[in-house]
Amino acid sequence: MQMPPDYLAYLRGDFPAFGDLTCNESDRYFDLWPESDIEQFNTEYEVQKLAPGFLAFATNGGGELYVFNQTGQIFELPCIGMDSRYASLLAESWGEFESRIKKTGEQAAP
């Protein structure tokens, strides 16, 4: 599965690889994996076996992965009990996900 080109451009730029995002009136942490580690981490987490059709690219640091589906939508997927049916939509695209990344100094959601 291919990663969206705008995501790859982000990874290759000088942008935050970890931090907070605002989602549904709450904040979530994200930690993007280096491009060179994505294939290895997907193999180690057995993503293709346990949740076919997804490609993991990050973690929330709390037991869930951030994954792309084949159309570029982004889902949160639990590591324990990993199964495609437990994936919850987080963003329609990388652009939407990126727009939720909090800038340094932004206040946390109440």
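## Sheet and aromatic pairs in a predicted model

In the hairpin formed by strand 1 and strand 2, where 2 residues lie between the strands, Asn-24 adopts a positive phi near 50°. The structure discussed here is a predicted model, and the account below moves from this hairpin to the sheet and then to the aromatic rings.

Strand 1 and strand 2 are paired in the antiparallel sense over 6 bridges, and within this pairing Phe-18 stands opposite Asp-31 of strand 2. Asp-31 also has a bridge partner in strand 3, namely Thr-59. The pairing of strand 2 (residues 26-32) with strand 3 (residues 55-59) is likewise antiparallel and is made by 2 bridges.

These pairings belong to an open sheet of 6 strands, which has the order 1-2-3-4-5-6 and antiparallel pairing. Strand 1 (18-23) and strand 6 (88-91) stand at the edges, and because each has a single partner strand, one side of each is left without a neighbour in the sheet. On average, and with direction ignored, neighbouring strands of this sheet are turned by 45° against each other. Helix 2 (residues 38-45) lies across strand 3 and strand 4 (64-68), and this helix runs at about 100° to strand 3.

Turning to the side chains, the count of aromatic pairs comes to 14. A pair of aromatic rings is described by the distance of the centres and the angle of the planes, and two of the pairs are set out in these terms below.

| Aromatic pair | Centre to centre | Between the planes | Geometry |
|---|---|---|---|
| Phe-30 and Phe-97 | 6.1 Å | 80° | edge-to-face |
| Phe-54 and Phe-75 | 5.3 Å | 70° | edge-to-face |

The pair of Phe-54 and Phe-75 links distant parts of the chain, with Phe-54 in the loop between helix 3 (47-50) and strand 3, Phe-75 in strand 5 (residues 74-78), and 21 residues separating the two. Both Phe-54 and Phe-75 are buried.

The pair of Phe-30 and Phe-97 also links distant parts of the chain, since Phe-30 belongs to strand 2 and Phe-97 to helix 4 (residues 94-99), 67 residues apart. Phe-30 and Phe-97 are both buried. These two residues are, moreover, members of a cluster linked by ring pairs, which contains Tyr-7, Tyr-10, Phe-15, Phe-30, Phe-57, Tyr-66, Phe-68, Trp-94 and Phe-97.

Methods. Residues numbered from 1 in each chain as written. Heavy atoms only, no water. Pairing = 2+ DSSP bridges. Helix = DSSP H or I, 4+ residues; strand = E, 2+ residues; numbered from the N terminus. Axes fitted to C-alpha atoms, helices over the stretch in contact; angles between N-to-C directions. Contact = heavy atoms within 4.5 Å. Phe/Tyr/Trp six-rings, centres within 6.5 Å; stacked < 30°, edge-to-face > 60°. Buried < 20%, exposed > 50% of the residue type's maximum accessible area, 1.4 Å probe, protein only.
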